[in-house]
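Grab your viewer and work through the exercises below. Each one sets a task and then walks through a solution.

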Protein chains: 2
Amino acid sequence: MCELLGMSANVPTDICFSFSGLMQRGGNTGPHRDGWGITFYEGKGCRSFKDPNPAAESRIAELVQSYPIKSRAVIGHIRQANRGGVCLENTHPFTRDLWGRSWTFAHNGQLSGYKKLPVGQHLPIGCTDSERAFCFILNALTEKYKRKPGNMPAVFKYIATLCDELRAMGVYNMLLTDGEYVMAYCSNNLHWLTRRAPFGEAVLKDQDWQLDFHKETTPDDVVTVFATQPLTINEQWYKMAAGEFTLFCQGEQIL
Amino acid sequence: MCELLGMSANVPTDICFSFSGLMQRGGNTGPHRDGWGITFYEGKGCRSFKDPNPAAESRIAELVQSYPIKSRAVIGHIRQANRGGVCLENTHPFTRDLWGRSWTFAHNGQLSGYKKLPVGQHLPIGCTDSERAFCFILNALTEKYKRKPGNMPAVFKYIATLCDELRAMGVYNMLLTDGEYVMAYCSNNLHWLTRRAPFGEAVLKDQDWQLDFHKETTPDDVVTVFATQPLTINEQWYKMAAGEFTLFCQGEQIL
């Protein structure tokens, strides 16, 4: 199994604290030694940091932990390979372009029979079930919408029905963003929490680090964090149900 | 104007030496302060490092200079903005998927009338002439080839005719790769050189650094480097002519 990390915020926010907790699970407190990646959006642009090497030993992960990139949408992933070898093209998250936006996707779980998923022109580059599921979603979107749709929440509702199909093929926890919206879909293991004023202190589960968000934020900040397992021990994380999906924009839940 | 950097090699090779020279031009020995980026292929996968901040001051550039990522195909770029603001979505190189490969593109120059270039479903994310030219090429390829073509050199010959069209709209120096082939197209300013046995010493133009490639290589290594301006002072760089294109694979010129 892998671990997912995501963020949706109404102001550019750094994710160093949460990322630092997650990275410990990449070969240190967790068994996820088969690479990691994280994608940050800044405006409509995004940049990814990826490494097929264990996160806990990665110099690039070290840089990302200490270099506060401020973003309103983030998706990260640490991998324990089950389908597809350990190499860069199989390392999440995956980013592809659609409708003049960069879409970023990460998956935790395992699918059977995924090679039959129709992908049209959206051919996978690597050989994971995850990338193929992403290509399947993009292909279904381009089939259904001939041009860029105006009502994006309706698009994400349609994506949720595609996720239902994927969940029927195995375990399918997913984070997906177009840089504006962040969608989470739960098969068996996904949590989120929203931090807003009054901000308190948070204590990481995987590392000796606590952070007083009151000192780091302004009263109007709204920041939602998604994670496979809660990253902190003293906050109330919402555990998603099987088959549940949710959509956030600027930190706020809208579906 | 911007500066381009590229590499094609028959063995995974690090580009730290050349990149280090180029980065000095990003705000130090050159005026290219408006961001930089570099994309490395490892197998079919690729990863990019990008920053809209000046290269000479970037902590990420510092990491890339000291962290030898070994690759057989690389494209890098430092930017002096002319079309499109300084932001991440306008930062080269641009990477998009086609036919189950990641294609990476960087442009030096300036185009007029580029907003009329047809791009079909390949909508740009940012607002540069460069990204639009890339989308124009991808759209023309998907129009001409209904499925992944077998004869890739013929595809690059067709791309060269598209580059001729783009050159008629202004200045168009380009590097393009699918991770296997590296293509260079010259409008007015592009050089390359191939290093192979017997290897000698190279002295960087922009920084006090010389490297004895004899110590860093094996006798079978073939490494071609592309750059807007020669990066070393004691080697013979080939200066491309206006409208000339060339195609390399595994370090060797094939077209």
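**Exercise 1. Classify Gln250(B) by accessibility and check its backbone.**

Step 1: Gln250(B) has a relative accessible area of 37%, which puts this residue in the partly exposed class. Keep in mind that you're looking at a predicted model.

Step 2: Now the backbone. Phi of Gln250(B) is positive, about 55°, although the residue is not a glycine.

Step 3: Place it in the fold. Gln250(B) sits in the loop between strand 14 (245–249) and strand 15 (252–253) of chain B.

Step 4: Try another non-glycine residue with positive phi, Trp99(A), where the angle is about 55°. Trp99(A) belongs to the loop between strand 5 and strand 6 (101–111) of chain A. Here the relative accessible area is 4%, so Trp99(A) is buried.

**Exercise 2. Find what surrounds the charged side chain of Asp178(A).**

Step 1: Locate Asp178(A) in the loop between strand 7 (170–177) and strand 8 (181–185) of chain A.

Step 2: Look for a charge partner. Asp178(A) is buried but has no salt bridge, and the nearest side chain of opposite charge, Arg101(A), is 4.4 Å away. The cut-off for a salt bridge is 4 Å between the side-chain nitrogen and the carboxyl oxygen.

Step 3: Check the backbone too. The Asp178(A) side chain reaches the backbone nitrogen of Glu180(A) at 2.9 Å.

Step 4: List the company. Beyond its neighbours within four places in sequence, Asp178(A) has contacts that include Tyr41(A), Trp103(A), Met152(A) and Phe156(A).

**Exercise 3. Track down cis peptide bonds before proline.**

Step 1: In chain A, inspect the bond from His92(A) to Pro93(A): it is cis, with omega near -10°. Pro93(A) is in the loop between strand 4 (71–78) and strand 5 (94–98) of chain A.

Step 2: In chain B, go to Ala197(B) and Pro198(B), which are joined by a cis peptide bond with omega about -5°. Pro198(B) is in the loop between strand 9 (191–195) and strand 10 (201–203) of chain B.

**Exercise 4. Work out which parts of chain B the salt bridges tie together.**

Step 1: Start with the total: the whole structure has 14 salt bridges over all chains.

Step 2: Take Glu57(B) and Arg33(B), whose closest N and O atoms are 3.0 Å apart. Glu57(B) is in the loop between strand 3 (45–51) and helix 2 (59–66), and Arg33(B) is in the loop between helix 1 (16–24) and strand 2 (36–42), so the pair links parts of chain B that are 24 residues apart in sequence. Glu57(B) is exposed at 56%, while Arg33(B) is partly exposed at 37%.

Step 3: Next comes the salt bridge between Arg195(B) and Glu235(B), at 2.8 Å from N to O. Arg195(B) is in strand 9 and Glu235(B) is in the loop between strand 12 (223–227) and strand 13 (238–239), so this pair ties together parts 40 residues apart in sequence. Arg195(B) is buried at 7%, and Glu235(B) is partly exposed at 21%.

Step 4: Finish with a network: Glu42(A), Arg47(A) and Asp51(B) are joined by salt bridges that share partners.

**Exercise 5. Determine how the two chains are related.**

Step 1: Superpose them. A turn of 180° with a shift of 0.0 Å along the axis lays chain A on chain B with an RMSD of 0.0 Å.

Step 2: Read off the symmetry: the copies are therefore related as by a two-fold rotation axis.

Step 3: Compare the contact surfaces. Both copies use the same surface, with 100% of the contact residues of chain A recurring in chain B.

Key: Residues numbered from 1 in each chain as written. Chains lettered and ligands numbered in written order. Predicted model: local features only at pLDDT ≥ 70, side-chain atom pairs only at ≥ 80, totals over all residues. Heavy atoms only, no water. Least-squares fit on C-alpha atoms with pLDDT ≥ 70 in both. Contact = heavy atoms within 4.5 Å. Helix = DSSP H or I, 4+ residues; strand = E, 2+ residues; numbered from the N terminus. Buried < 20%, exposed > 50% of the residue type's maximum accessible area, 1.4 Å probe, protein only. Lys, Arg positive; Asp, Glu negative; His and termini not counted. Polar contact = N/O pair within 3.5 Å; in protein donor to acceptor, adjacent residues only side chain to side chain.
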